[in-house]
Amino acid sequence: MPPTCRCGSGEPYESCCAPYHQGDKQAPTAEALMRSRFTAFALRDEAYLLATWHPTTRPRHLDFDPDQHWTHLQIHNRTEGTPFHTTGTVEFTAHYRYQGEPQELHENSRFTREATRWLYVEPI
């Protein structure tokens with residue numbers, strides 16, 4: 001059985017977030033982008049994360065902490081963010097282990113769609 005995607009969809013990684021990470025598809029919704037970005041953090045895919053970050057808030061590079069391991073994602077709420085919107089928010093909790101101890105990050109993130117691409121902007 002292929003490995004399940006870390007984004008929490010329950011789908012195999014190869015048919016879930018991998019096509020976004022490989023550039024074969026673009027996330028159709030803000031939530032899909034959020035899920036793919038969580039998985040990219042878990043896989044330490046800096047190129048994908050920077051490419052999906054709005055240029056006005058994008059850092060120059062990312063420093064991944066070797067003691068931090070992202071484990072799973074819970075989506076709590078979303079507003080707009082469909083293919084028919086240009087903005088959206090996704091409220092989530094990202095669970096991780098830091099130096100072996102369970103931790104979590106709760107955030108409500110803002111996204112914008114430019115042309116056909118969803119981009120992460122910032123937490124709100």
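Buried here means under 20% relative accessible area, and partly exposed covers the range from there up to the 50% mark above which a residue is exposed. With that in hand, welcome to a quick tour of the salt bridges in this predicted model. The count comes to 3 salt bridges, and Glu31, Arg35 and Arg78 are linked in a network of them.

**The network around Glu31**

- Glu31 has a relative accessibility of 16%, so this residue counts as buried under the 20% cut-off.
- One partner of Glu31 is Arg35, with 3.0 Å between the closest N and O atoms.
- Both Glu31 and Arg35 sit in helix α2 (residues 30–43), where they are 4 residues apart, about one turn of the helix.
- Arg35 is buried too, because its relative accessible area of 18% falls under 20%.
- Glu31 also forms a salt bridge with Arg78, and here the closest N and O atoms are 2.3 Å apart.
- Since Glu31 belongs to helix α2 and Arg78 to strand β1 (residues 68–80), this pair ties together parts that are 47 residues apart in sequence.
- Arg78 is partly exposed, at 42% relative accessible area.

**The pair between strands**

- Arg110 and Glu122 form a salt bridge, their closest N and O atoms lying 2.6 Å apart.
- This pair links distant parts of the chain, with Arg110 in strand β3 (residues 101–114) and Glu122 in strand β4 (residues 117–123), 12 residues apart.
- Arg110 is partly exposed, with a relative accessible area of 32%.
- Glu122 also counts as partly exposed, at 28% relative accessibility.

Terms used
Residues numbered from 1 in each chain as written. Predicted model: local features only at pLDDT ≥ 70, side-chain atom pairs only at ≥ 80, totals over all residues. Heavy atoms only, no water. Salt bridge = Lys/Arg side-chain N within 4 Å of Asp/Glu carboxyl O. Helix = DSSP H or I, 4+ residues; strand = E, 2+ residues; numbered from the N terminus. Buried < 20%, exposed > 50% of the residue type's maximum accessible area, 1.4 Å probe, protein only.
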